[in-house]
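This report introduces one protein chain to a reader who has not met it before. Please look over the sequence and the model before reading on.

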Amino acid sequence: MNTLLVDAALNFGILAVLSAVLYTAPSPLLNPSAVPFGVRVPPDKARAAAVEEQRSRYRGAMLVAAAVVTVPASALGAALGTPAAAVAGSLLLCALAAALWVRAHRAIVRAKAEGGWYQQARQGAVVDTSLRTDPVRFPWGWTVPALVVIAVSVVAGVVVYPGLPDRIALPERSLGGTVYRTYPTSVWTAFGFVLGQVLLTLTMAATVAGLLRARADLDVARPVAGAARYRRYLTVTARSMLGITALVNLMLLGLSALMWSDTRSTAMTLAATGVPLVGVLAVTAWLVLRVGPAGSRLREDTGEESTGLVPRDDDRFWRGAGTVYVNADDPAVLVPKRVGIGWTVNFGNPRSLVAVALVLAVAVGATVVQAVR
């Protein structure tokens, strides 16, 4: 009975969290308020009747879908003793949310065109050249925690490696839960999680460096305050990303310790993974609630008067209901997202395509190594 309750709670938790994220997806909590459902609108139209109607329809449909999918999927997952039902339910919810999003996107595009929302608006753009001449500095000090965890992992691994058995057990996730498979002990298997720490740290550091040079979408109505706010946004985001890197490295250190000691305790595994993940979720929640998309919740009270301008209508460069940016004339590689928090790549820039290809090559290589190990 306890097992059934645990399986039911696991499936329910997965679907409940996903449902909550999908339900709040159109809100300014997760998206810039001036691009509802990925459509650029003047700031005074961000809460227009047509926009609010689409938000209401989307949320109502998602509530019904969440209730219809979550309850039977949780029961089925408990009966089968596997999270596979939650995975299937999650895919179904995501597909439905995407369809609802596209419908809302098209409806707002029509309302925007029919209402002539940009006909009387003074459109403009603003650039802060100091972001190039005096860019936000890379926060090297915030890499220290991640590097310290790597150093501790390397030293611990070197100490315990000579005493490891001929075969070592590595945990793997499956639809039936965590299983342990044994492999011949080697540097690659014993230090696999440590290598993961190094790759993660290098990747995150490179990503942060790229974001600090990404194109900024500044507030054209109050450009001075917008530039100051964007600088703060870059600083807190860069520090948060490096802090998350240290937490994930700590999790990998815990998993390495469990592997080296051949500890297969579920409680210890949950502690090694759960505590750092709680920290990651806390940092992410802080970014969402206190920082917001593009730093929208960071305030800069400069007493600046409004220019009366609104951001340019650039919908023609955004595909896939506002999720994919394609502009061959834009030299920027990274641009702020319209859907979600963070940045996305400019798929019209050849350098972006090269970067995406490199990431895919690394991912495929890691998968192949994992399969043949």
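The text below covers the overall make-up, the nonpolar cores, the salt bridges and two individual residues.

This is a predicted model, in which local features need pLDDT of at least 70 and side-chain atom pairs count only at pLDDT 80 or more, while totals for chains, interfaces and linings use all residues. Residues are numbered from 1 along each chain as its sequence is written, and side-chain values use heavy atoms, with hydrogens and water left out.

**Overall make-up**

The protein contains 10 helices and 8 strands; these are DSSP runs numbered from the N terminus, with helices (H or I) of at least four residues and strands (E) of at least two. Of its 373 residues, 40% are buried, where buried means under 20% relative accessible area, exposed over 50% and partly exposed in between (1.4 Å probe, protein chains only). The accessible surface comes to about 19,900 Å², and carbon and sulfur atoms hold 68% of that area; the Shrake-Rupley method with a 1.4 Å probe was used. Among contacts (heavy atoms within 4.5 Å) with a separation of 6 or more, 72% join residues 24 or more positions apart.

**Nonpolar cores**

In soluble globular proteins, nonpolar side chains tend to be buried together. A nonpolar core is here a set of buried Ala, Val, Leu, Ile, Met, Phe, Trp, Tyr and Cys residues joined through side-chain atoms within 4.5 Å. The largest one has 24 residues, and L22, Y58, M62, L93, I108 and W117 touch the most other members. Two or more residues each are given to this core by α1 (2-24), α2 (49-80) and α3 (84-115), with α3 providing the largest share, 8 residues. Leaving out residues up to four places away in sequence, M62 touches L22, L93, A97 and L100. A second, separate core of 22 residues includes L211, L234, M241 and L242.

**Salt bridges**

The structure holds 11 salt bridges, each a side-chain nitrogen of Lys or Arg within 4 Å of a carboxyl oxygen of Asp or Glu. Three of them are listed here.

| Pair | Closest N to O distance |
|---|---|
| E52 and R47 | 3.6 Å |
| D219 and R229 | 3.9 Å |
| R338 and D314 | 2.3 Å |

R338 lies in the loop between β7 (334-336) and β8 (343-345) and D314 in the loop between β4 (310-311) and β5 (318-319), so this pair ties together parts that are 24 residues apart in sequence. Both R338 and D314 are buried. They also belong to a network of salt bridges that links R40, K112, D313, D314, D315 and R338. In the first pair, E52 is partly exposed at 26% relative accessible area, whereas R47 is exposed at 62%.

**Two loop residues**

D128 is found in the loop between β1 (123-124) and α4 (130-133). Although buried, D128 has no salt bridge, and the nearest side chain of opposite charge, R231, is 4.3 Å away. The side chain of D128 does make a polar contact with the side chain of S130 at 2.6 Å; such a contact is a pair of N or O atoms within 3.5 Å, one able to donate a hydrogen and the other to accept it, and residues adjacent in sequence count only if both atoms are side-chain atoms.

P32 is found in the loop between α1 and α2 and is partly exposed, with a relative accessible area of 25%. P32 and P336 are 304 residues apart in sequence, yet their C-alpha atoms are 9.8 Å apart in space. Beyond its neighbours within four places in sequence, P32 is in contact with P293, K337, R338 and G340.

Terms used:
Lys, Arg positive; Asp, Glu negative; His and termini not counted.
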